[in-house]
Amino acid sequence: MSAVEARLAELGLTLPAVVPPLAAYQPAVQSGRYVYTSGQLPMVDGKLPVTGKVGAEVTPDEAKDLARTCALNALAAVKSVAGDLDRIARVVKVVGFVASASDFTGQPAVLNGASELLGEVLGDKGVHARSAVGVAVLPLDSPVEVEIQVELAE
């Protein structure tokens, strides 16, 4: 077991299977020392635990937990191409999308779920730049979608 996966276990988490693509793309690709994930939905056992807009059908706290799940799914996608999460030198960038009610402005707090998970699991290697974007709708009516870019050690 890698050190990163041991840390996940300490946190009571397990790395899920890679979420299969919903269309014509790969969950992650590697280019040189970088791995780019596709947008990861908060799928658990092949389905979304909740759907709808944050600030309407979904509470900000629920959405923050869903963002954590997205980040965990993103780590699974990274592992699928990198082979070992211990190869992560650092998370470079996180981009998160929040399907938002028209008056909801708390997207950064929702995306803290993903950012905090990466920090808990990877420590200083999990510190990253980030964008948190409110959108009208996401695939499958998901409340949240997260993509990450990581740099691998040589």
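This section describes the strand pairing and the nonpolar core of a predicted model.

According to an unreviewed UniProt entry, residues 5-150 are covered by the domain annotation "Endoribonuclease L-PSP/chorismate mutase-like". In the model, this span is 31% helix and 23% strand, and the C-alpha atoms at its two ends lie 16 Å apart.

Strand β3, comprising residues 88-99, pairs with strand β5, residues 144-152, in the antiparallel sense, and nine bridges join the two. β3 also pairs with strand β4, residues 129-135, but here the strands are parallel and the pairing extends over seven bridges. Lys93 takes part in both pairings, with Gln149 as its bridge partner in β5 and Ala129 as its bridge partner in β4. Between β3 and β4 the chain passes through helix α3, residues 107-122, and the resulting β-α-β crossover is right-handed.

The largest nonpolar core of the model contains 36 residues, of which Leu75 and Ile148 touch the most other members. Two or more residues are given to this core by each of the elements α1 (3-10), α2 (60-82), β3, α3 and β5, and the greatest contribution is that of α2, with 11 residues. When residues up to four places away in sequence are not counted, Leu75 touches Leu15, Leu85, Ile88, Leu117, Leu118, Val121, Leu122 and Ile148. The two residues that touch the most other core members are therefore also in contact with each other, as heavy atoms within 4.5 Å define a contact.

Terms used:
Residues numbered from 1 in each chain as written. Predicted model: local features only at pLDDT ≥ 70, side-chain atom pairs only at ≥ 80, totals over all residues. Heavy atoms only, no water. UniProt positions renumbered as here; feature names shortened; annotations may be inferred. Helix = DSSP H or I, 4+ residues; strand = E, 2+ residues; numbered from the N terminus. Pairing = 2+ DSSP bridges. Right-handed = clockwise from strand over helix to strand, strands pointing away. Core = buried A, V, L, I, M, F, W, Y, C linked by side-chain atoms within 4.5 Å. Buried < 20%, exposed > 50% of the residue type's maximum accessible area, 1.4 Å probe, protein only.
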